[in-house]
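Trainee: I'd like to learn how to read this fold one feature at a time. Please take me through it, general idea first and then the case at hand.

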Amino acid sequence: MQGLFVTLFMLCLASYSSCKRPVKAIPKKITFSVMDYGAVGDGVTDDSKAFLKAWGEACDRTGILQVPPKKMFMLNPLKFSGPCKFSSIHFKLKGNVIAPNSIEAWREYNDKTKWIQIVNVNGLIINGGGQIDGRGSPWWKDCYVDSCPRPKALLINNCNNLHLSGTHHVNSPKSQISINQCKNATLSYLTIIAPGNSPNTDGIDIAQSSFIYIHHSTISTGDDCIALNDGTSNINITYINCGPGHGISIGSLGRNGAYDTVEQVYVSYCSFNGTTNGVRIKTWQGGSGYVRNVKFEHITLTNTYNPIIINQEYRNIASKENLNQESGVEIIGVIYKDVKGTSASEVAINLNCRSSKGCSDIIMEEINIAPSNTMAICNYARGKASFVSPKVPCLV
């Protein structure tokens, strides 16, 4: 009996001791509204300083930066910088933010290539259903293509564990969303819109980033809906509605002799409506590097001009750069499976590979692109095809 009392006493003591141990407090998130820091939200007043002040507080105190609904905030070029004090920060964008409405408003800024930057912030969450409006039409008219620098709307650089969802992005002067040097990012339920004739208004550009998941979004723009550039790997793109636009593109890669790489890309359940391209790989002559381990699967095409295209001779039509150079970016291991729909041109499949490197391990299965008089062009591509219409002559 005495032993039983001793045992019970020790258990009670242990339980009491464990209760007395200090518990690490979880920081409570505080909401910092830009209105509390002087923002007006009338669409005319420059609210940049108020946004930066609210960001500073939220970044330092584990907070939520809130942009309230039913207001319009005009922002000049600005940068939200980290690292922040804790592992996550929440940017709740409910209202609308707009860029200056004229090129002249940018004259005092040395760097005219960036509007909103977010850098060195891990665990960043951006949502809320609000809108980022780049008001790009003056730039499209007076600064066409590469005649002068144009700002990208939202640039996210070196932000790991990013979640961007539910926001609207419209009318950027150039690219709408640029992701660079990020790992483990999810972009979802986005609406990205610009006129079909707006130059270089890519929907989402990705470079030097890995483990990126993009899903359930609508992208209508004047250039690539999604572009994967050098240094991207382990990319999953699914349930994207693209059109108008230039499709989902890998590249361009290898410009000016660069060594560029893209690998481990999976694109599935995507639709292309009235686009210039469907699924595209484009590389410059004279470059080096590789594109490898890519799969396009369950793709739907409607009136798409170039449904399936690989172009190892990509270049600006007006440029004579690299025309006669024999080196190139290797393209290895590309699978096309269950691609169906209609072509707006006679050439539904165009595998324009170069003799020096060519394209190897190209696999096509269950491809059916109408109408029946479409054709395939194939240069220096090696691989296999089964149940493919139109027939690809250089695939066995």
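**Reading the backbone, the sheet and the cavity**

Mentor: Let's begin at the chain's tail, where Pro390 sits in the segment after strand 30 (381-389). Keep in mind throughout that this is a predicted model.

Trainee: Which residue does the cis peptide bond join to Pro390?

Mentor: The general idea is that most peptide bonds are trans, just as most residues other than glycine have a negative phi. Here, Ser389 and Pro390 are joined by a cis bond, with omega at about 5°. There's another cis bond to look at, from Ala370 to Pro371, with omega near 0°.

Trainee: Where does Pro371 lie?

Mentor: Pro371 is in the loop between strand 28 (359-370) and strand 29.

Trainee: And phi? Which residue other than glycine has a positive value near 55°?

Mentor: Asn171 is one: its phi is near 55°. Asn171 belongs to the loop between strand 13 (168-170) and strand 14 (177-180). Gln181 also has a positive phi, about 55°, without being a glycine, and Gln181 lies in the loop between strand 14 and strand 15.

Trainee: Why does Asn171 count as partly exposed?

Mentor: Because its relative accessibility is 25%, and partly exposed covers values between the buried limit of 20% and the exposed limit of 50%. Gln181 is partly exposed too, at 42%.

Trainee: Let's zoom out. How many helices and strands does the protein have?

Mentor: 3 helices and 30 strands. Of the 396 residues, 50% count as buried. For contacts between residues at least 6 apart in sequence, 74% join residues at least 24 apart.

Trainee: How should I think about strand pairing in general?

Mentor: Strands of a sheet pair through backbone hydrogen bonds, and they do so either parallel or antiparallel. In this model, 11 strands make an open sheet with parallel pairing, in the order 5-8-11-14-17-19-21-23-25-27-29. At its edges are strand 5 (78-81) and strand 29 (375-379), each pairing on one side only. From one strand to the next, the twist averages 15°.

Trainee: What packs on the sheet?

Mentor: Helix 2 (residues 48-60) does, touching strand 5 and strand 8. The helix direction makes about 5° with that of strand 5.

Trainee: Pick a pair inside that sheet for me. Which residue stands opposite Ile204?

Mentor: Look across to strand 19, where Ile226 is the residue facing Ile204. The pair of strands here is strand 17 (residues 204-207) and strand 19 (residues 226-228), running parallel with 3 bridges between them.

Trainee: What about the even-numbered strands? Which strands join strand 18?

Mentor: Strand 15 (residues 183-188) is joined to strand 18 (residues 210-220) by 5 bridges, in parallel, with Ser188 partnered by His215. Strand 16 (residues 191-193) runs parallel to strand 18 as well, over 3 bridges, and there Ile193 is opposite Ser220. Strand 18 also pairs with strand 20 in the parallel sense, through 8 bridges; Ile219 has Cys242 as its bridge partner.

Trainee: And how many bridges join strand 20 to strand 22?

Mentor: Strand 20 (residues 232-242) and strand 22 (residues 259-273) share 8 bridges and run parallel, with Ser233 opposite Glu263. Then strand 22 goes on to strand 24 (residues 288-304) through 13 bridges, again parallel. Asp260 has Gly289 as its bridge partner there.

Trainee: When I look along a strand, what should I expect of the side chains?

Mentor: In a regular strand they alternate between the two faces of the sheet.

Trainee: Last topic, then: how many cavities of 30 Å³ or more does a search of the whole structure find?

Mentor: The search finds 1, and about 90 Å³ of space lies in the largest cavity.

Trainee: Which residues line the largest cavity?

Mentor: Among them are Phe51, Leu75, Phe80, Phe91, Ile116 and Leu154. Strand 6 (89-93) and strand 8 (114-119) each supply at least two residues of that lining.

Trainee: How does the lining divide into nonpolar, polar and charged?

Mentor: The split is 11 nonpolar, no polar and no charged. Strand 8 is worth a second look: it contributes to that lining and is also touched by helix 2.

Terms used
Residues are numbered from 1 along each chain as its sequence is written. This is a predicted model: local features need pLDDT of at least 70, side-chain atom pairs count only at pLDDT 80 or more; totals for chains, interfaces and linings use all residues. Side-chain values use heavy atoms; hydrogens and water are left out. On a 1 Å grid over the protein atoms alone, a cavity is a set of points where a 1.4 Å probe fits but cannot get out, and a pocket is an open set with protein on both sides within 12 Å along at least five of seven lines; lining residues have an atom within 4 Å of a point. Grid points are joined across faces, edges and corners, and a volume is the space filled by probe spheres set on the points. Helices (H or I, at least four residues) and strands (E, at least two) are DSSP runs, numbered from the N terminus. Ala, Val, Leu, Ile, Met, Phe, Trp, Tyr, Cys and Pro count as nonpolar, Asp, Glu, Lys and Arg as charged, and the others, Gly among them, as polar. Two strands pair if DSSP finds at least two bridges between them. Axes are lines fitted to C-alpha atoms, for helices over the stretch in contact, and angles run from 0 to 180 degrees between N-to-C directions. Contact means heavy atoms within 4.5 Å. Buried means under 20% relative accessible area, exposed over 50%, partly exposed in between (1.4 Å probe, protein chains only).
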